[in-house]
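Welcome, and thanks for opening your viewer. Keep a selection box handy, and let us walk through this model one stop at a time.

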Amino acid sequence: MKDWWQVNFPQGRQSLTITDAKGYPVQIAYGEKGIGKPLILLHGLGSWSYNWRNSIEPLSKYFRVICFDAKGYGFSEKPLSRREQSGHQVIELERIIQALCDEPAVIVAESLGALVALALAEKNAQLIGRLVVINAPIFAERLPHWAMGLLAQAPLELVHTVDSLRLAYLLAPLVREIVAIERRKVLFDPSILTQEDVYWITYPFIELPGTLVKVAEELQIAVREIENSQAKKPNMLSNIQSNLGAIECPTLILWGEQDSWFPASHGEKLHQHLPNSILQILPNCYHDASTGSFKVVNAAILKFLQDTNF
């Protein structure tokens, strides 16, 4: 199998060192293609830059497209000796943008990445010229998938043991089959998911130790955020919800009409809270819009940026 980064980016996979939320240096994997104003593609939980495979080339004809793997995901560093804190992704996204961009960027973000992007737009609006959020878990009431629940409940020491024993590597065919079954459930047309897709989606979990631990850790943070929100205790999720009205940059909200993880009514609610937003419901689309509806998504992004003179 050809190296995905080499195939999709002229300089292949590059590495950037930032200071993470706890003050430690951490290596971030990224790739870029095209020239012009910066456009950053931000993946969701448990994913990596590969999820944007169908958007890199079309968008790079008009923008300098940057894909990066968030800390702990994909090919980026996975610091296992320290625990993460709620909101660390927002701080790290801010530092990545500051390191790679010398002007406000377009942020196109899906799922958890969209939640992080909304938080950054509230915190440091100067970094973001335009915002596109897709199926954001902004009003999440629970983890949307049973496997997420299992990982969130498992002791991290146990997950670390499973990871360090390389069980995913030893059981690679089974892991790929299970992932293929579950990923097809978030696609309106399951047949579009190829064997190559499954290979690369699962690659970090099978080949890069530490991936499973960091995803489990993020899920546990997500559970605490949701529980604290429901219990009216201090939490980042409620803070983001309360400050949506402060986001002034033009924002496009894209939402899968048949998203069973976070329903389209959440998109309508988000639109009502964002004063300078446009809502577009994606027909025949489940949660994985960047894969299942990439042509419509790409066209919507380009039209939005053209209409808002970016």
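Start by selecting His273, which sits in helix H12. A word before you zoom in: the model is predicted. With a relative accessible area of 36%, His273 is partly exposed. Show what surrounds it: leaving out residues up to four places away in sequence, His273 touches Leu244 and Gly245. Now add Pro204 to the selection and draw a line between the two C-alpha atoms. His273 and Pro204 are 36 Å apart in space, with their positions 69 residues apart in sequence.

**Second stop: a small cavity**

Keep Pro204 on screen. It belongs to the lining of the second largest cavity, together with Gly46, Ser47, Trp48, Tyr73, Gly74, Phe205, Thr211 and Val215. Helix H9 (195-207) and helix H10 (211-230) are the elements that give two or more residues to this lining. The space inside comes to about 30 Å³. Colour the lining by class and you should find 5 nonpolar residues, 4 polar ones and no charged ones.

**Third stop: the largest cavity**

How many cavities of 30 Å³ or more does a search of the whole structure find? The search finds 2. To reach the largest one, select Leu42, Ala70, Tyr73, Gln89 and Val116, which lie nearest its centre among the 17 residues that line it. Tyr73 is already familiar, as it also appears in the lining of the second largest cavity. The largest cavity holds about 150 Å³ of space.

Which helix gives the most to this lining? That is H3, with 5 residues. Helix H3 (88-100) and H4 each supply at least two residues. By class, the lining of the largest cavity is made up of 10 nonpolar, 5 polar and 2 charged residues.

**Fourth stop: helix H4**

Follow Val116 out of the cavity lining and select the whole of H4. Its 12 residues should span 16 Å at 1.5 Å a residue, and the C-alpha atoms at its ends are 17 Å apart, which agrees. Is H4 enclosed or open to the outside? Since 10 of its 12 residues are buried, H4 is largely enclosed by the rest of the structure. To see them, pick Leu112, Gly113, Ala114, Leu115, Val116, Ala117, Leu118, Ala119, Leu120 and Ala121.

Next, switch on the elements around H4. The cover over its buried residues includes strand E3 (38-42), H3, E5, strand E6 (128-134), helix H11 (236-242) and helix H12 (264-273). H12 brings you back to where the tour began, as His273 lies in that helix.

**Fifth stop: two backbone angles**

Step to Ser111, in the loop between strand E5 (105-110) and helix H4 (112-123). Its phi is near 55 degrees, a positive value in a residue that is not glycine. That deserves a look, because most residues other than glycine have a negative phi. Ser111 is buried, at 11% relative accessibility.

For a second case, jump to Asn284, in the loop between strand E8 (277-282) and helix H13 (289-292). Asn284 is not a glycine either, yet has a positive phi of about 55 degrees. At 43% relative accessibility, Asn284 is partly exposed, whereas Ser111 is buried.

**Sixth stop: the cysteines**

From Asn284, move one selection along to Cys285, which is buried at 1% relative accessibility. Look for a partner, and the closest cysteine sulfur is in Cys67, 18 Å from that of Cys285, which is too far for a bond. Select Cys101 as well: it is buried, with a relative accessible area of 11%. Its sulfur also has that of Cys67 as its closest cysteine sulfur, at 12 Å, again too far for a bond. How many disulfides does the structure hold? The count is 0, as a disulfide needs two cysteine sulfur atoms within 2.5 Å.

**Last stop: Arg183**

Finish with Arg183, in helix H8 (residues 172-184). Is this arginine, Arg183, buried or exposed? Arg183 is buried, at 18% relative accessibility, with the cut-off for buried being under 20%. Show its contacts beyond four places in sequence and you will find Asn51, Leu193, Ile201 and Asp288.

Key: Residues are numbered from 1 along each chain as its sequence is written. This is a predicted model: local features need pLDDT of at least 70, side-chain atom pairs count only at pLDDT 80 or more; totals for chains, interfaces and linings use all residues. Side-chain values use heavy atoms; hydrogens and water are left out. Buried means under 20% relative accessible area, exposed over 50%, partly exposed in between (1.4 Å probe, protein chains only). Helices (H or I, at least four residues) and strands (E, at least two) are DSSP runs, numbered from the N terminus. On a 1 Å grid over the protein atoms alone, a cavity is a set of points where a 1.4 Å probe fits but cannot get out, and a pocket is an open set with protein on both sides within 12 Å along at least five of seven lines; lining residues have an atom within 4 Å of a point. Grid points are joined across faces, edges and corners, and a volume is the space filled by probe spheres set on the points. Ala, Val, Leu, Ile, Met, Phe, Trp, Tyr, Cys and Pro count as nonpolar, Asp, Glu, Lys and Arg as charged, and the others, Gly among them, as polar. Contact means heavy atoms within 4.5 Å. The expected span of a helix is 1.5 Å times one less than its number of residues.
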